[in-house]
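Please take a moment to look over the sequence and the model, and then follow the explanation below with both in view.

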Amino acid sequence: MARPKKLRRICAYPKVMGFRPFGDYAEVVDLTFDEYEVMRLMDTLGYSQEECAIQMDIARSTVASIYNSARTKTADAIIYGKSLVIHGGDIELCKGSSTCCGKCGKTACKDCGHGESILCSAKAANRII
């Protein structure tokens, strides 16, 4: 019997659940919520793999694997003109998603329960907007 997958913590669902190219498109690329979250944390917020792993409550090697998969899928959709749909995956929504600093920058990490990262400490000290 296979070991059950550990749930990956995400801060919020995406505001947009998919993208499609102009014109004709036939194929769809599926991006999971955890792949979206890793890209959001690393590419948008500048988290390292280690910080991302802490935020999502998974191993750093798992972050690396998820990130590689997300980049491959995103490139495939862009380069070959495929529709990209974001859904699914083994995830749990952050308990403090409405105030989580990893999502919106409104509060310090001590309030969201994810542990403290360098970026969040700087946000809490008003060094990063």
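**Cysteines, a core and a helix pair**

In this predicted model, cysteine 11 has a relative accessibility of 1%, and because anything under 20% is called buried, this cysteine counts as buried. Cysteine 52 has a relative accessible area of 0%, and therefore it is buried as well.

Burial does not by itself tell us whether cysteines are paired, so how many disulfides does the structure hold? The number is 0. For cysteine 52, the nearest cysteine sulfur belongs to cysteine 11 and lies 9.7 Å away, whereas a disulfide requires two cysteine sulfur atoms within 2.5 Å, which means that cysteine 52 is in no disulfide.

What, then, surrounds cysteine 52? If we leave aside the neighbours within four places in sequence, cysteine 52 is in contact with Val38, Leu41, Met42, Tyr47 and Val63. The largest nonpolar core has 21 residues, and those that touch the most other members are Val38, Met42, Cys52, Met56 and Val63. At least two residues of this core come from each of β3 (28–31), α1 (33–44), α2, α3 and β4 (83–86).

Two of these contributors can now be followed further, since helix α2, covering residues 49–56, packs against helix α3, covering residues 60–79, with the axes 8 Å apart and an angle of about 100° between them. The two helices are therefore roughly perpendicular to each other, as angles from 65 to 115 degrees are described in this way. On the α2 side the contact is made by Gln49, Glu50, Cys52 and Ala53, and on the α3 side by Arg60, Val63 and Ala64. Sorted by character, the residues of this contact comprise 4 nonpolar, 1 polar and 2 charged.

Note on methods: Residues are numbered from 1 along each chain as its sequence is written. This is a predicted model: local features need pLDDT of at least 70, side-chain atom pairs count only at pLDDT 80 or more; totals for chains, interfaces and linings use all residues. Side-chain values use heavy atoms; hydrogens and water are left out. Axes are lines fitted to C-alpha atoms, for helices over the stretch in contact, and angles run from 0 to 180 degrees between N-to-C directions. Helices (H or I, at least four residues) and strands (E, at least two) are DSSP runs, numbered from the N terminus. Angles under 35 degrees count as roughly parallel, over 145 as roughly antiparallel, 65 to 115 as roughly perpendicular and the rest as oblique. Contact means heavy atoms within 4.5 Å. Ala, Val, Leu, Ile, Met, Phe, Trp, Tyr, Cys and Pro count as nonpolar, Asp, Glu, Lys and Arg as charged, and the others, Gly among them, as polar. Buried means under 20% relative accessible area, exposed over 50%, partly exposed in between (1.4 Å probe, protein chains only). A nonpolar core is a set of buried Ala, Val, Leu, Ile, Met, Phe, Trp, Tyr and Cys residues joined through side-chain atoms within 4.5 Å.
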